[in-house]
Amino acid sequence: MAELTERIMDHVTSTNIDRAMLMDYLSEFLAVEQGGIKLYRAALQIVQHDEIRRKFHEFHQETLKHVSILEKVIGELGGDPGYQSTSAKIAEKKAEGLLQTMTATNGMSAKLAEINAIENIVLAETKDQADWALLGKIARQTTDSHLGDVLKAAVDEVEPEENEHLTWTKSKMAELAMGAVSE
Ligand SMILES: [Fe+2]
Ligand SMILES: [Fe+2]
């Protein structure tokens, strides 16, 4: 309900968007998606349950599509998808940090390695989902109709998928962790 009220308020609020800052953010969000691709690839080598494997395969494919959509958005806004902002470089390092915990399993059992992999996906998807929620907010509030149109088309396609990526992985992580502590 609070989220719905906020969305309605966005439509009556107009904001001037700092274009340079937005382009830096879009570069960062692209790095988050690219990090997600690597994380899904690594996680798919580790997860054992068929259901998780199936979902991660689906989410991996959607993440590849999100990269293309963001590159297209950046191009349509006059930016260069090859440009990497400072925050994009940091996002890349964060993903590398998570990846390291998956390549070196540090003596974890197969069960713990699977929980660790899904936890890393939850961490990455938390940021990914927040990024697209922010783009939705910008699309609703911007005074620039071209910017609004470009972002809205992308958000309409991606945001429902991001919501599923996060809610599904979060509840699966809780289920696996509960299973691990149950006798
Ligand atoms: Fe994504
Ligand atoms: Fe995602």
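Which way does α2 pass α5, in a left-handed or a right-handed crossing? Hi everyone, let me show you. The crossing is left-handed, meaning that the near helix is turned anticlockwise from the far one by less than a right angle, whereas clockwise would be right-handed.

A word on the model before we go on. This is a predicted model, where local features need pLDDT of at least 70 and side-chain atom pairs count only at pLDDT 80 or more, while totals for chains, interfaces and linings use all residues. Residues are numbered from 1 along each chain as its sequence is written, and chains are lettered from A and ligands numbered from 1 in the order in which they are written.

Now the overall picture. The protein has six helices and zero strands, so its elements read α-α-α-α-α-α from the N terminus, with helices (H or I, at least four residues) and strands (E, at least two) taken as DSSP runs and numbered from the N terminus. Along the principal axes, the C-alpha atoms fill a box of roughly 55 × 40 × 20 Å. The radius of gyration is 18 Å, which agrees with the value near 16 Å for a compact globule of 183 residues; the radius is taken over C-alpha atoms, and the globule rule is 2.2 Å times the number of residues to the power 0.38.

On to the inside. Of the 183 residues, 31% are buried, which is to say that 20 or more other C-beta atoms lie within 10 Å of their own (12 or fewer is exposed, in between is partly exposed, and C-beta atoms are placed from the backbone). The largest nonpolar core has 36 residues, and A43, A117 and L151 have the most contacts inside it. Such a core is a set of buried Ala, Val, Leu, Ile, Met, Phe, Trp, Tyr and Cys residues joined through C-beta atoms within 7 Å. The elements giving two or more residues to this core are α2 (19-46), α3 (50-76), α4 (86-103), α5 (110-141) and α6 (145-181).

Back to our helix pair. α2 and α5 pack at about 160 degrees with axes 10 Å apart, which makes α2 roughly antiparallel to α5. Axes here are lines fitted to C-alpha atoms, for helices over the stretch in contact, and angles run from 0 to 180 degrees between N-to-C directions. Under 35 degrees is roughly parallel, over 145 roughly antiparallel, 65 to 115 roughly perpendicular, and the rest oblique. Among the residues that meet are A43 and I46 in α2, and A113 and A117 in α5.

How does α4 fit in? α2 and α4 pack at about 10 degrees, axes 8 Å apart, so α2 is roughly parallel to α4. α4 and α5 pack at about 170 degrees, axes 9 Å apart, and are therefore roughly antiparallel. That second contact is made by A95, L98, T101 and M102 of α4 and N116, A117, N120, L123 and A124 of α5.

Two residues tie this together nicely for a talk. I46 counts as buried because it has 21 C-beta neighbours inside 10 Å. Leaving out residues up to four places away in sequence, I46 touches M102, A113, E114 and A117, where contact means C-beta atoms, placed from the backbone, within 7 Å. On the same terms, A117 touches A43, I46, V47 and M102.

Finally, E6 in helix α1 (residues 2-11) has 13 C-beta neighbours inside 10 Å and so counts as partly exposed. Thanks for listening!

Methods. Contact = placed C-beta atoms within 7 Å.
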